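This briefing is intended for a reader who is meeting the structure for the first time. Please keep the sequence and the model in view while reading.

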Amino acid sequence: MEPILIVLGIILVIVIGGGLWLYAGRRRGRVPDEVSAHKPMSVEDLLPSEEGEEPSDETAPDAEPGAEPVATLESPESIPGRMQRLRARLAGAGGFGKAVLSVLSRGDLTEEDWEEIEDTLLTSDLGIEVTTSLMDELRTQAKVLGTSDPEAVRTVLRAELLKLVDPTLDRSLNLDRPAPADGAQATPAAAILMVGVNGTGKTTTCGKLARVLVAQDKTVVLGAADTFRAAAAEQLTTWGERVGVEVVRSEKEGADPASVAYDAARQAADQSTDVVVVDTAGRLQNKAGLMDELGKIKRVMEKIAPVGEILLVLDATTGQNGMRQAQVFSEAVGITGIVLTKLDGTAKGGIVVTVQRELGVPVKLVGLGEGADDLAPFDPEGFVDALLG
């Protein structure tokens with residue numbers, strides 16, 4: 001009988017002690033609900049949770065272990081949106097047109113006023129010949145008008161500047177795909193070759209041009225034929241990845257640029273791509289060997305298809321030096337168009353007029369900032385209106 005009483009006593013003590021422990025634990029918030037609900041629990045359930053513990057992967061049912069994040073391609077800005085934004089930016093930055101207009105609007109102009117206008121035009125990189133012609137026309141019109149009405153003066157100046165910029169020039173990019181060569185099955189892509197001196201932002205402009213073409217629903221292949229600068233191919237690849245454009249490059253630094261250009265043109269044709277854009281190494285215009293190399297790149301690409309566009313990238317702030325660059329490049333490879341970078345905030349807008357008059361080659365694209373979509377087709381009327389404010 002005694003053993004039975006002892007056992008019952010022990011059980012009673014355990015029950016009473018367990019109840020008191022549960023009650024005290026619930027009061028302190030230290031006992032899991034599973035315990036108070038009499039659910040099965042493990043030793044780990046009784047361990048206190050750590051402060052700031054991260055939720056387990058089980059709380060994210062959509063996440064697959066080891067899965068790589070899916071890259072989201074960027075959508076380049078539409079062409080109309082670019083042009084509207086860039087015109088507003090250029091107008092806000094001011095230009096030589098505003099300065100000339102402010103003097104012309106004074107009325108009863110003195111000789112000092114005319115000298116001020118002439119100095120403004122010369123420092124805007126219009127050149128002596130263009131400046132002289134424009135000054136003669138403005139003097140004549142001022143006598144005919146005999147007025148200081150700002151709107152009348154603005155109309156005259158706008159007409160003269162627009163005549164100089166020449167809206168009749170064809171500024172469209174030649175993106176027509178040529179017919180296949182005899183015996184070839186693949187239709188070649190429209191080919192664009194980008195050239196220029198060091199430091200004009202040529203590789204960046206190639207990347208931005210790819211975005212312009214993608215915004216026009218064109219498929220694009222980029223060729224990294226600047227094989228002398230290690231970072232150029234990487235830079236171009238980054239631009240391509242952002243909009244889903246493939247880049248053909250050589251892993252060997254110093255590889256033959258013409259070979260890379262050929263491979264890019266060939267791959268674009270094989271994949272039925274719309275446009276192939278080939279970046280080339282920046283070069284000094286007075287280095288004959290480097291200039292000859294551009295001719296070789298063009299000849300090799302034309303084994304696949306004619307190069308429809310050879311675009312010279314010019315820094316708008318270089319002024320008359322940029323004009324000399326354009327002349328040499330035109331003689332070497334026959335450029336078809338100009339891309340003017342860094343046109344924002346500069347009074348050097350006259351380079352647009354000068355380069356077109358000297359070469360008969362239109363400015364086709366302009367860059368007005370550091371942004372990825374700060375490149376747009378050149379709009380003569382929008383440009384002149386922006387200069388005048």
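The points below go from the chain as a whole to its sheet, a covered strand, the cavities and selected residues.

The model is a predicted one. Its protein chain contains 14 helices and 8 strands. Of the 389 residues in the chain, 43% are buried. Among contacts between residues at least 6 apart in sequence, 74% join residues at least 24 apart.

**The sheet**

- The 8 strands form an open sheet with mixed pairing, in the order S3-S2-S4-S1-S5-S6-S7-S8.
- At the edges stand strand S3 (246-248) and strand S8 (375-377); each has a single partner strand, so one side of each lacks a neighbour in the sheet.
- From one strand to the next, the twist averages 25°.
- Strand S2 (residues 220-225) and strand S4 (residues 275-280) run parallel and are joined by 6 bridges. Within this pairing, Leu222 has Val277 of S4 as its bridge partner.
- Helix H10 (residues 257-270) lies across S2, S3 and S4, and runs at about 170° to S2.

**Strand S1 within the sheet**

- Strand S1 (190-195) is mostly covered, with 6 of its 6 residues buried.
- The cover extends to both faces of S1: Ala190, Ile192 and Met194 are buried on one side, and Ala191, Leu193 and Val195 are buried on the other.
- S1 pairs with S4 in the parallel sense over 5 bridges. S1 also runs parallel to strand S5 (residues 307-315), to which 5 bridges join it.
- Ile192 takes part in both pairings: its bridge partner in S4 is Val277, and its bridge partner in S5 is Glu309.
- Val277 of S4 is thus named in two pairings, as the bridge partner of Leu222 and as that of Ile192.

**Cavities**

- A search of the whole structure finds 3 cavities of 30 Å³ or more.
- The largest cavity holds about 120 Å³ of space. It is lined by 13 residues, of which Leu86, Arg87, Val366, Leu368 and Asp379 are the closest to its centre.
- Helix H3 (79-93), S8 and helix H14 (380-388) are the elements that give two or more residues to this lining. The largest share, 4 residues, comes from H3.
- By class, the lining of the largest cavity comprises 10 nonpolar, 1 polar and 2 charged residues.
- S8 therefore appears in two settings, as an edge strand of the sheet and as a contributor to the lining of the largest cavity.

**Helix H13 and the residue after it**

- In helix H13 (residues 351-359), the buried residues are Ile351, Val352, Val353, Thr354, Val355 and Gln356.
- Gly360 follows H13 and has a positive phi, near 70°.

**Positive phi outside glycine**

- Most residues other than glycine have a negative phi. Two residues with a positive value are described here.
- Asp166 has a phi near 65°, although the residue is not a glycine. Asp166 is placed in the loop between helix H7 (150-165) and strand S1. Its relative accessibility is 23%, and Asp166 therefore counts as partly exposed, since buried residues are under 20% and exposed ones over 50%.
- Ser272, likewise a residue other than glycine, has a positive phi near 55°. Ser272 lies in the loop between H10 and S4. With a relative accessible area of 45%, Ser272 is partly exposed.

**Leu109 and its surroundings**

- Leu109 is found in the loop between helix H4 (96-104) and helix H5 (111-123).
- The relative accessible area of Leu109 is 21%, which means that the residue is partly exposed rather than buried, the limit for buried being under 20%.
- Beyond its neighbours within four places in sequence, Leu109 is in contact with Val103, Leu104, Trp114 and Ile117.
- Leu109 and Arg139 are 30 residues apart along the chain, and their C-alpha atoms are separated by 9.6 Å.

Methods:
Residues numbered from 1 in each chain as written. Predicted model: local features only at pLDDT ≥ 70, side-chain atom pairs only at ≥ 80, totals over all residues. Heavy atoms only, no water. Buried < 20%, exposed > 50% of the residue type's maximum accessible area, 1.4 Å probe, protein only. Contact = heavy atoms within 4.5 Å. Pairing = 2+ DSSP bridges. Axes fitted to C-alpha atoms, helices over the stretch in contact; angles between N-to-C directions. 1 Å grid on protein atoms, 1.4 Å probe; cavity = no way out; pocket = protein on both sides within 12 Å on 5 of 7 lines; lining within 4 Å. Points joined across faces, edges and corners; volume = space filled by probe spheres on them. Nonpolar A, V, L, I, M, F, W, Y, C, P; charged D, E, K, R; others polar.
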